[in-house]
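Thanks for asking me to look this one over. Here are my notes, point by point, to read with the model open beside you.

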Amino acid sequence: MRTTVSRLLACIALALTPVVLAAPASADPSRAIVPSWTGVWRNTNNTVHIKAAPCGSNMCATVVWADDKTKATVASRGANIIGMQLLRDFRQTDPSNWKGTVYVPDRDMNVSGTITLLDRNTLKAVGCFLAVICQTRHWTRIS
C-alpha cells in the first residue's frame with residue numbers, strides 16, 4: 001500500500017513538473033533579458049555612476065551618483081542628473097551586444113547607441129548622431 005501511494009505521488013509530481021517549469025518561461029525568446037551588465041558602473045573619469053537594470057523587456061541605466069561639476073552642468077539647464085535615465089530601451093542583439101537610445105544630458109538630446117560587454121567588468125558604450133558623429137565611453141563595474 002505504501003509503495004503504491006509513493007508511486008502515485010511520484011507520478012503526480014512528474015506529471016505536474018513540466019507545467020510548473022514551463023509556466024514562467026516566455027514563448028518569445030526576443031523578450032528574454034540576459035542581465036550580464038546589470039549592476040552599478042562608473043565612467044572612465046569617475047564623474048558619473050549608473051545603475052543598469054531591466055526596464056520592461058529591455059535594459060536601461062539610470063544615474064545614481066555624479067560629481068559636483070557634472071551635477072552643476074546639468075543643473076544649469078534646470079535638470080537634476082541623479083535619477084536621469086541615460087541608457088534607454090537597450091535590447092540584446094547577440095550575447096555581448098545591445099542596441100538602444102543614449103540620452104546626452106549636456107546637449108539635451110537622444111542618439112542611437114550600442115553597448116558591448118568587453119568582459120565581465122568593462123562595457124563599451126557608443127552613441128552616434130546621424131550615424132556619423134560618434135563618441136565612445138568605457139564603463140567599469142563597481143558593484
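**Notes on the fold and a few residues**

1. Let me start at one backbone pairing: Val-104 has Met-109 in β6 as its bridge partner. The two strands involved, β5 and β6 (residues 109–119), are antiparallel and share 8 bridges. (Strands are DSSP runs of E with at least two residues, helices are runs of H or I with at least four, and both are numbered from the N terminus; two strands pair if DSSP finds at least two bridges between them.)

2. Before going further, a word on the source: this is a predicted model, in which local features need pLDDT of at least 70 and side-chain atom pairs count only at pLDDT 80 or more, while totals for chains, interfaces and linings use all residues. Residues are numbered from 1 along each chain as its sequence is written, and side-chain values use heavy atoms, with hydrogens and water left out.

3. What joins β5 to β6? The two strands form a hairpin with 4 residues between them, and Asp-108 sits in the turn. Asp-108 has a positive phi of about 50° although it is not a glycine. With a relative accessibility of 48%, Asp-108 is partly exposed (buried is under 20% relative accessible area, exposed is over 50%, and partly exposed is in between, using a 1.4 Å probe and protein chains only).

4. On its other side, β5 (residues 97–104) pairs with β4 (residues 85–94), again in the antiparallel sense, over 5 bridges. This is a hairpin too, with 2 residues between the strands. One pair to look for is Arg-88 with its bridge partner Thr-101 in β5. Asp-89, also in β4, has a positive phi near 50° without being a glycine, and counts as partly exposed at 44% relative accessibility.

5. Moving on from β4, the antiparallel pairing with β3 (residues 58–66) has 3 bridges. Here Ala-61 has Leu-87 in β4 as its bridge partner.

6. Which strands make up the barrel? It is closed and has 8 strands, running β1-β2-β3-β4-β5-β6-β7-β8 with antiparallel pairing. Neighbouring strands of this sheet are turned by 30° against each other on average, direction ignored (axes are lines fitted to C-alpha atoms). As a reminder, strands of a sheet pair through backbone hydrogen bonds, either parallel or antiparallel.

7. For the chain as a whole, there are 2 helices and 8 strands, in the order α-β-β-β-α-β-β-β-β-β from the N terminus. Of its 143 residues, 28% are buried. The accessible surface is about 9200 Å², with 58% of it belonging to carbon and sulfur atoms (areas come from the Shrake-Rupley method with a 1.4 Å probe).

8. His-138 deserves a look. It lies in β8 (residues 133–141) and is partly exposed, at 34% relative accessibility. His-138 and Arg-42 are 96 residues apart in sequence, yet their C-alpha atoms are 8.5 Å apart. Beyond neighbours within four places in sequence, the contacts of His-138 include Arg-42, Asn-43, Thr-44 and Leu-118 (contact means heavy atoms within 4.5 Å).

9. Lastly, Phe-129, in β7 (residues 122–129), is partly exposed, with a relative accessible area of 37%. Phe-129, Leu-130, Val-132 and Ile-133 make a nonpolar surface patch of about 440 Å² (patch residues have over 30% relative accessible area and no salt bridge, and nonpolar side chains are joined within 5 Å; a salt bridge is a side-chain nitrogen of Lys or Arg within 4 Å of a carboxyl oxygen of Asp or Glu).

Definitions and conventions. Axes are lines fitted to C-alpha atoms, for helices over the stretch in contact, and angles run from 0 to 180 degrees between N-to-C directions. Patches are made of residues with over 30% relative accessible area and no salt bridge: like charges are joined within 9 Å, nonpolar side chains (Val, Leu, Ile, Met, Phe, Trp, Tyr) within 5 Å.
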